[in-house]
Amino acid sequence: GSPATALLYVPFVPLDHDPAADLYRAWQVILIGASVVITAFALPRRSRLPAALVGAGALLWGYPFAESIGLGQVDGYIMLALAIAIWASVRDKWRLVGAALGIATLLKISPGLLLVYLVLRGRRAVVLPAIISAGALLLLATVVGRPGDTVKWVTDVLPEVDTPVHIGGLT
C-alpha cells in the first residue's frame, strides 16, 4: 500500500501490540458500520432503515468481513470514503465525490476506476478534488512518516502498478 496506509496505523503505535490490534479492529468495525449507515442515507427516507439492516446483516453474516477485521486491513477507511462518495453523488456534490474517491484511490488503486468512469460520463468536477485529497493525505503521510518511503513508493512501486504479473506462464 501507499505510505498513507501506514499513516492510518500511527494512532495505535503508542499502545502495546495486543491492545493496539484489538482497538484497531474495533475502530474498523465502527468505520464499516458508519459506511453502511451513510450508504443507507443515500436512499429515499423509507428505504434507509431496511437497507441499513440488510447491510449490517450481510456484513455480520459474511466471511470477508470477519477476515478483513482479523487481518487488520484498512477496508473500513476505504468503505467510508466510498460511502461518502455514494451519498454525495446522490446529492450532486461532485467535488465531495472526487475528494472521497481520491482518498479511497490512494489507499487502494481500484477505486480509481470510479474516477475514470465519472470523467468518461462527463463529471470532470471530481478530478481536482481527487488530486487534492490524495495529495494532501500523501503529504501528511510523508510529514508524519519517513519521507524516503514516499519517494520510494512514488519512484519504484507506483510505476509497477500497470506492469503485468506473470503467474505460471499466464499474464
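Select Asp156 to begin, and note that in this predicted model it counts as partly exposed, with a relative accessibility of 38%. Now add Lys152 to the selection, which is also partly exposed, at 49% relative accessibility. These two residues form a salt bridge, and the closest N and O atoms of the pair are 2.7 Å apart. Why can they reach one another along the chain? Both belong to helix H9, residues 147–157, where they sit 4 residues apart, so that about one helical turn separates them. An α-helix has 3.6 residues a turn, so residues three or four places apart point the same way.

Stay in this part of the chain and select Arg146 together with Asp149, which form another salt bridge, with 3.0 Å between the closest N and O atoms. Arg146 is exposed, its relative accessible area being 60%, whereas Asp149 is partly exposed at 35%.

How many salt bridges does the structure hold? There are 3, and to see the one not yet visited you should move to helix H2, residues 17–40, and select Asp22 and Arg25. Their side chains meet in a salt bridge with an N to O distance of 3.8 Å, and the two residues, being 3 apart in H2, are separated by about one helical turn. Asp22 is partly exposed, with a relative accessible area of 48%, and Arg25 is partly exposed as well, at 29%.

While you are in helix H2, select Ser35. Is Ser35 buried or exposed? With a relative accessible area of 2%, Ser35 is buried, since the cut-off for being buried is under 20%. If you leave aside its neighbours within four places in sequence and show what Ser35 touches, you will find Gly76, Met79, Leu80 and Ala83.

Next, select helix H4, residues 63–71, and colour Phe65, Ser68 and Ile69, which are buried. If you turn the view to look down the axis of H4, these buried residues fall within an arc of 95°, so they line one face of the helix. On the other side of H4 you can pick out Tyr63, Pro64 and Leu71, which are exposed. Which helices should you show to see what the buried residues of H4 pack against? They pack against H2, helix H3 (45–61) and helix H5 (75–90). Before leaving, select Gly72, just after H4, which takes a positive phi of about 75°.

For the last stop, turn to the empty space in the model. Rolling a probe the size of a water molecule over the atoms shows where such space is left. The largest pocket holds about 460 Å³ of space, and to find it you can select Thr105, Leu106, Ile109, Trp153 and Leu158, which lie nearest its centre among the 20 residues of the lining. Show helix H6 (94–107), helix H7 (112–120), helix H8 (127–144) and H9, because each of them supplies at least two residues of this lining. Which of the helices gives the most to the lining? It is H8, with 6 residues. If you then colour the lining by class, you should see 13 nonpolar, 6 polar and 1 charged residues.

Methods
Residues are numbered from 1 along each chain as its sequence is written. This is a predicted model: local features need pLDDT of at least 70, side-chain atom pairs count only at pLDDT 80 or more; totals for chains, interfaces and linings use all residues. Side-chain values use heavy atoms; hydrogens and water are left out. A salt bridge is a side-chain nitrogen of Lys or Arg within 4 Å of a carboxyl oxygen of Asp or Glu. Buried means under 20% relative accessible area, exposed over 50%, partly exposed in between (1.4 Å probe, protein chains only). On a 1 Å grid over the protein atoms alone, a cavity is a set of points where a 1.4 Å probe fits but cannot get out, and a pocket is an open set with protein on both sides within 12 Å along at least five of seven lines; lining residues have an atom within 4 Å of a point. Grid points are joined across faces, edges and corners, and a volume is the space filled by probe spheres set on the points. Ala, Val, Leu, Ile, Met, Phe, Trp, Tyr, Cys and Pro count as nonpolar, Asp, Glu, Lys and Arg as charged, and the others, Gly among them, as polar. The arc is that of the directions from the helix axis to the C-beta atoms. Contact means heavy atoms within 4.5 Å.
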